[in-house]
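Colleague: Could you walk me through this model and tell me what stands behind each label you use? I like to see the rule beside the value.

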Amino acid sequence: MATPDKQLSAEQSRQIADTIREEIARRRISRQSLAELAKLSLSTLEKVLGGRRPFTLATTVRLEQALGVSLRTTPEAPAHAHPVNGDVAPDGLGAYSRRAVAWIEGTYVTMRPSFGDKNAIFAYLTAISWDAAASCLVFHESERQDAAYTQYGEVAVPNQSGHIYLVTNRHGQHRLITVARLPISGEMFGIITTLLAGRGSLLTPIAAPIAYLPVKMIKNPTFGRILPDNANYGAYRTHLRRTLDEPFAMFLPG
C-alpha cells in the first residue's frame with residue numbers, strides 16, 4: 001500500500017510559494033518552463049502558487065531539484081516566527097490572547113479599487129487564522145488574478161486604537177492595511193497602503209479604500225477585476241464606498 005504524500009503546513013506552503021515566485025522573477029523564466037523542469041502539470045503549479053492547494057513534500061522536492069535551491073525552512077516554523085508565548089501574541093502585535101481575537105478569524109471577500117482601471121473593482125479572498133508557531137493571527141490572500149502579488153503576513157490588534165492592522169513585511173518592504181471591524185456583521189473597512197508596480201522597476205506609493213466582507217455574506221462571490229457588467233459589481237461598489245461615506249477612513253486633499 002502506497003504511503004500518502006505528506007502535505008506541508010499552510011505557513012510553509014506560503015513561504016515556499018513566495019520563494020518560487022521570487023526565483024521565477026529573478027531568473028525570468030515562465031511558470032510553464034518551471035513546471036516542465038519539475039515534471040509537474042502547469043495546473044498543479046498554478047494551484048500551489050495561488051494558495052488553492054498546499055504543497056506536498058514530493059512536489060517541493062521536484063521544484064527544489066528543478067531550481068537548484070532549498071525551499072524549506074525549519075519544519076512547521078515560519079521564517080518570521082516570534083518566540084512562542086503560549087496563546088498570547090508578541091507585544092509588537094498588541095499582546096492579544098487567542099481567545100480575545102477569535103472573532104476576527106475567518107475568510108473574507110476582499111475588495112478595493114482596481115489600480116489599473118478606474119471603473120473596476122479588484123476582488124479576492126483573505127483568510128485570517130491563528131498560527132500556533134508564531135503565536136499570533138496571520139492572514140493569507142488567495143484567488144488573486146495577479147497571483148504573483150499574493151500577500152501574507154501578521155495581524156496586529158492593539159487595544160489602544162481599536163483598529164486591526166494586516167502587515168506584510170517582505171525583506172523590509174512593507175504593505176499595511178488598517179481597518180475597523182463592525183462587531184455584529186463582521187465587516188471591516190479601512191485603507192490599504194502599498195506600492196503600485198509600474199513599468200520596469202518603477203514602484204509608486206499608493207493608498208486606497210479597502211473592504212472585507214465575511215464570505216457567507218455574498219451568495220456567489222466573484223474574483224479578479226470586477227467590471228460594471230459583473231453581477232456583483234453593484235454590491236461590491238456599495239460596500240467599498242462605505243469606507244469613505246460613513247466614514248471609516250479619510251483622504252485629505254493635497
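Modeller: Gladly, and let me start with a rule: a polar contact is a pair of N or O atoms within 3.5 Å, where within protein one must be able to donate a hydrogen and the other to accept it, and residues adjacent in sequence count only if both atoms are side-chain atoms. Across the interface of domain 1 and domain 2, that rule finds 2 residue pairs, both at pLDDT 80 or more. Please keep in mind that this is a predicted model, where local features need pLDDT of at least 70, side-chain atom pairs count only at pLDDT 80 or more, and totals for chains, interfaces and linings use all residues. Residues are numbered from 1 along each chain as its sequence is written, and side-chain values use heavy atoms, with hydrogens and water left out.

Colleague: How do you know where domain 1 and domain 2 begin and end?

Modeller: The bounds come from an automatic or database domain assignment, which gives 10-67 for domain 1 and 91-245 for domain 2. Their centres, taken over C-alpha atoms, are 25 Å apart. With contact meaning heavy atoms within 4.5 Å, 10 residues from domain 1 and 11 residues from domain 2 take part.

Colleague: What area do domain 1 and domain 2 bury between them?

Modeller: About 950 Å², with 48% of it on carbon and sulfur atoms. Buried area is the accessible area (1.4 Å probe) that two parts lose on being put together, summed over both. On the domain 1 side, R14, D18 and R21 lose the most area, together 49% of what that side buries.

Colleague: What makes R170 and D18 a salt bridge?

Modeller: The term asks for a side-chain nitrogen of Lys or Arg within 4 Å of a carboxyl oxygen of Asp or Glu. The closest N and O atoms of R170 and D18 are 2.8 Å apart, so the pair qualifies. The count between the two domains is 1 salt bridge, while a search of the whole structure finds 9.

Colleague: Which helix gives the largest share of the domain 1 side?

Modeller: Helix 1 (residues 10-27), with 6 residues; helices are DSSP runs of H or I with at least four residues, strands are runs of E with at least two, and both are numbered from the N terminus. The domain 1 side holds no nonpolar, 3 polar and 7 charged residues, where Asp, Glu, Lys and Arg count as charged, Ala, Val, Leu, Ile, Met, Phe, Trp, Tyr, Cys and Pro as nonpolar, and the others, Gly among them, as polar. Helix 1 also contains E11 and R14, 3 residues apart, about one turn of the helix, and their side chains meet in a salt bridge at 2.5 Å, N to O.

Colleague: Why are strand 6 and strand 7 called paired?

Modeller: Pairing needs at least two bridges found by DSSP. Strand 6 (residues 173-181) and strand 7 (residues 188-197) have 6 and run antiparallel, so they pass. They form a hairpin with 6 residues between them, and G186 in the turn has a positive phi of about 85 degrees. Strand 7 is also joined to strand 8 (residues 203-214), antiparallel, by 10 bridges, with I192 opposite A208.
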